[in-house]
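Open the model in your viewer and keep the selection tool at hand. Each stop below says what to select and what is there.

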Amino acid sequence: MSRTVSSWILSSARSSIVLQGKGRWYSICIPNRNKIKWKLVFSKTCPYPAGSCSLDSTFSLPKAFRHTSTEEEHFSFQLSPAQINDILRAGELSHKTLDLNGKNANSVLRFESNQLASNSPMEDRRSAATCLQTAGMMFGVFDGHAGAACAQAVSERLLHYIAVSLMSRQSLEEIELAVEAMKPVRPILQRHRHPNDVEYQEITSQYFENLRVYWQHLLDLDTEPGFSLEEAMICAFKRLDSDISLEVQAPQESELMRNIALQVAFSGATACVAHIDGVHLHVANTGDCRAVLGVREEDGTWSTLPLTRDHNACDEFEIRRLKREHPRSEEKTLFVNDRLLGILMPSRAFGDVQLKWSKELQHSILENSCDVEALNIYQYVPPNYHTPPYLTAEPEVTYHKLRSKDKFLVIASDGLWEMLSNEKVVKLVAGHLTELNVQKPPLTFKKPVNLGYMHNLLLQRKSKGLASLDQNIATHLIRHAIGSNEYGEVDPEKLAAMLTLPEDLARMYRDDITVTVVYFNSETIEDYYRNH
């Protein structure tokens, strides 16, 4: 990036208009951005009270790389290629699925994921898990706003709620009997985590107890067979959001747990979760994360199949839905400046009780709480707030029966989709697959095989450029999302500048980005159709 461009970035930041109030500054000048999500840019208060722990620790740029303020005297965008790679690859996660015989009989071949923070701390979260008491795998991406607390809680809990919703009555009875007898409970999910993924350890027991109340409710329904997969996902989303709302209204064991419940309920998160069982793919979406299928046609070309709609003020279906749910007198105030009540871009989300509760309930809860300022809870009732709730966590569920030409699924937060179109993302993943196949010639062994021979083969691969290619496709997408120039090529100087933007400026130019790419096993899918 040229010095002229760098200087413009700094000057635009320093002249940005801010709204000051109650110890916080909220930016209302967001160049080249089309969304604001109750974004805290700077706070003069300590975000956590004495004796509490931060709820938002996750990947962040090392301070040696990232500036903390636009006011620094010696501001530089210099990063070496190795430093750029270290930053981009810090959140990489990958997993290949194998059965006990070492052969892959799963329709999911592997998945690769990564995250890059813009906010400090990061507000995106992700989840991936194999179902142990039911069939299938699940993958989720969660985009938080007004803090990371809600996205954190939903990422920890939602997949369990879905799994429980899918379990048979007999399985639910078995785990209930085990809990009653204080015996170990068979795991419901096998989570696939990055070492730096965080958990609310202090509140895990309460989350488990509320999950137990949910499965007890399912047992009380006395219905067999249980939910369809679509019903299970909808019920799980709605029940978790209800629990988030109820937990903050109930007495808590400690001030820390009370603070966590408050932060979870008064922040928010959108969510996109895919459940894959054989050829059956279900995607549940609440908000503006997105899931897109990459399809390789018979002629070798690639096409894009979106499996979600962005739930926001730009979607005609959402506008009509909200108008149906509220009086005609509110039609002109439901959406202001393309935001729900002039505040929130997504029209569906977890948490965000400010747009779900009555004014009286909000006042009662916050009045009886500790220092909400220290918890970064923004007390604000928008004008024309007459008939809540205005926001729902109910997802829209899409079903797709996988075909052998369906090669991969991309699930990502809107930080990616704001930078790259669906078609560009599919093109990049397809190109990455082609490059890997070209640069990974089969290892043909001459007998006898020795270490020297293997070493020479690996050197041959390296000489063909494999070492310079991002092995993780999610990293490859993030690199292009923030570093591409007008020709669609990665500009190293632009990439370095975007990675070193100071914390009080980065959010103006890019959002948190979370990407998970799931690759399908075409042979397994073809076997299904041969046998059915």
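Start by selecting helix 2 (residues 81–89) and helix 14 (residues 492–500); in this predicted model their axes come within 11 Å and cross at roughly 55°. An angle under 35 degrees would count as roughly parallel, and 65 to 115 as roughly perpendicular. Helix 2 and helix 14 fall outside both ranges and are therefore oblique to each other. Their crossing is left-handed.

Now show the side chains where these two helices touch. On helix 2, pick Ile 84, Ile 87 and Leu 88. On helix 14, the residues in the contact are Pro 492, Leu 495, Ala 496 and Leu 499.

Next, go to helix 11 and select residues 422–439, the helix that holds His 432. Is His 432 buried or exposed? The cut-off for buried is under 20% relative accessible area; His 432 has 0%, so the residue is buried. To see what surrounds His 432, leave aside its neighbours within four places in sequence and select Leu 469, Asp 470, Gln 471, Ile 473, His 476 and Tyr 519. Each of these is in contact with His 432.

The next stop is the largest nonpolar core, which has 58 residues. Which residues have the most contacts inside this core? They are Leu 158, Val 164, Phe 266 and Phe 350. Select helix 3 (residues 149–166) as well: with 11 residues, helix 3 gives the most to this core.

Stay with Val 164 for a moment. Apart from neighbours within four places in sequence, Val 164 is in contact with Leu 172, Ile 188 and Leu 211, and also with Tyr 214, Trp 215 and Leu 218. There is also a second, separate core, made of 36 residues. To find this second core, select Phe 408, Ile 482, Ala 506 and Ile 513, which are among its members.

Finish with the strands. Six of them form an open sheet, and following the sheet across gives the order 4-5-18-17-11-12. The pairing is antiparallel. Select strand 4 (93–96) and strand 12 (302–306) to mark the edges; each of these pairs on one side only. From one strand to the next, the twist averages 15°.

For a last close view, keep strand 4 and add strand 5 (residues 108–116). These two strands run antiparallel and are joined by four bridges. Where should you look for the residue opposite Lys 96? Look in strand 5, where Arg 110 stands opposite Lys 96.

Conventions:
Residues numbered from 1 in each chain as written. Predicted model: local features only at pLDDT ≥ 70, side-chain atom pairs only at ≥ 80, totals over all residues. Heavy atoms only, no water. Pairing = 2+ DSSP bridges. Axes fitted to C-alpha atoms, helices over the stretch in contact; angles between N-to-C directions. Core = buried A, V, L, I, M, F, W, Y, C linked by side-chain atoms within 4.5 Å. Buried < 20%, exposed > 50% of the residue type's maximum accessible area, 1.4 Å probe, protein only. Contact = heavy atoms within 4.5 Å. Parallel < 35°, antiparallel > 145°, perpendicular 65-115°, else oblique. Left-handed = near helix turned anticlockwise from the far one by under 90°.
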